[in-house]
Amino acid sequence: MTPGEHFVELDKNVHDRSSFDCGADELNLFLRQYAARHRAAGISMTMVLPAVDDETRICAYYTLSHTGIKRQSLPEPAAKQLPYYPVPVILIAQFAVHVDLQGQGLGKVALVGALHHAHEINEHLPSFAVIVDVLQEEVRGFYEQYGFELLDMQNQRSRLFIPMKTVAQLFR
């Protein structure tokens with residue numbers, strides 16, 4: 001399976017969700033059963049990277065959604081600039097690479113795609129940061145190497161963030 005060059009919105013009538021396996025049951029289940037439903041409900045948007053040789057196969061995917069965080073959860077220098085009501089952020093709600101393609105740099109490609117998409121959304125609907133909840137603690141370093149910092153712990157998982165100003169600098 002060879003990854004394509006562009007992410008496209010998940011189309012349940014085109015993309016084979018059942019054959020996707022990233023090694024994490026929670027992420028596989030989301031793609032198979034909930035991603036299309038969440039889009040239809042207006043909750044989130046899932047983008048997939050189809051294979052070049054078979055566009056129905058999914059090499060990687062990410063899901064974006066909006067949420068809010070408490071000002072107090074941010075580090076003090078960032079928090080003091082913000083209002084006391086919930087601060088809008090873009091959430092990378094799901095993020096996965098097919099097991100056959102892991103370790104080949106596709107995670108970086110998918111993260112850049114997700115951040116670029118978040119940057120584009122931010123031009124129309126401003127958000128303070130991009131956040132991600134780390135499903136497996138051993139993956140935390142992957143995000144930290146690209147500038148994500150610890151925000152807090154949510155349900156015994158690390159919640160990381162990168163300010164939208166930093167994301168914007170990546171795409172100037």
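## A hairpin to start with

How many residues lie between β6 and β7 in their hairpin, and which residue in the turn has a positive phi? There are 2 residues between the strands, and the one with the positive phi is Asn155, at about 50°. Keep in mind that this is a predicted model.

The two arms of the hairpin, β6 and strand β7 (residues 157–163), run antiparallel and are held by 5 bridges. To find your place along them, look for Glu149, which stands opposite Phe161 in β7.

## The overall build

Stepping back, the protein chain has 5 helices and 7 strands. Read from the N terminus, the elements go β-α-β-β-α-β-α-β-α-β-β-α. With a radius of gyration of 16 Å, close to the 16 Å that the globule rule gives for 172 residues, the chain is as compact as a globular protein of that length. Along the principal axes, the C-alpha atoms fill a box of roughly 50 × 35 × 30 Å.

As for what is hidden and what shows, 43% of the 172 residues count as buried. The accessible surface comes to about 9,500 Å², and carbon and sulfur atoms account for 49% of it. Take the contacts with a separation of 6 or more: residues 24 or more positions apart make up 67% of them.

## The sheet, strand by strand

The 7 strands make an open sheet with mixed pairing, in the order β1-β2-β3-β4-β5-β7-β6. At the edges sit β1 and β6 (149–154), each of which pairs on one side only. Strands of a sheet pair through backbone hydrogen bonds, either parallel or antiparallel.

Start at the β1 edge. β1 and β2 pair in the antiparallel sense over 2 bridges, and Val8 has Val48 in β2 as its bridge partner. Next along, strand β2 (residues 45–50) is joined to β3 by 6 bridges, again antiparallel. A handy marker here is Met47, whose bridge partner in β3 is Tyr62. On the other side, β3 pairs with strand β4 (residues 87–97) over 10 bridges, in the antiparallel sense; there you'll see Thr67 opposite Val89 in β4.

Is strand β3 (residues 58–69) largely enclosed or largely open? Of its 12 residues, 9 are buried, so the rest of the structure largely encloses it.

## Aromatic rings

The model has 7 aromatic pairs. One of them is Phe142 with Tyr143, edge-to-face at 5.1 Å centre to centre and with 80° between the planes. Phe142 also pairs edge-to-face with Tyr146, this time at 5.4 Å and 70°. Both angles pass the cut-off, since planes over 60 degrees apart count as edge-to-face.

The two tyrosines sit in different classes of exposure: Tyr143 has a relative accessible area of 5% and is buried, while Tyr146 has 29% and is partly exposed. Zoom out a little and ring pairs link Phe95, Phe142, Tyr143, Tyr146 and Phe148 into a cluster. Elsewhere, look for Arg71, which lies over the face of Tyr84 at 4.1 Å from the ring centre.

## Two residues worth a click

Gly23 is in the loop between β1 (8–9) and α1 (25–40). Is Gly23 buried or exposed? Its relative accessible area is 54%, so Gly23 counts as exposed. Apart from neighbours within four places in sequence, Gly23 is in contact with Asn28 and Val99. Gly23 and Gln102 are 79 residues apart in sequence, yet 9.9 Å apart in space, C-alpha to C-alpha.

Asn122 belongs to helix α3 (residues 106–124). Why does Asn122 count as buried? Its relative accessibility is 18%, and the limit for buried is under 20%. Setting aside neighbours within four places in sequence, Asn122 is in contact with Ser127 and Met164.

Note on methods. Residues numbered from 1 in each chain as written. Predicted model: local features only at pLDDT ≥ 70, side-chain atom pairs only at ≥ 80, totals over all residues. Heavy atoms only, no water. Phe/Tyr/Trp six-rings, centres within 6.5 Å; stacked < 30°, edge-to-face > 60°. Buried < 20%, exposed > 50% of the residue type's maximum accessible area, 1.4 Å probe, protein only. Lys NZ or Arg CZ within 6 Å of the ring centre and 35° of its normal. Helix = DSSP H or I, 4+ residues; strand = E, 2+ residues; numbered from the N terminus. Contact = heavy atoms within 4.5 Å. Rg over C-alpha atoms; globule rule 2.2 N^0.38 Å. Areas by Shrake-Rupley, 256 points an atom, 1.4 Å probe, with all protein chains shown as cover. Pairing = 2+ DSSP bridges.
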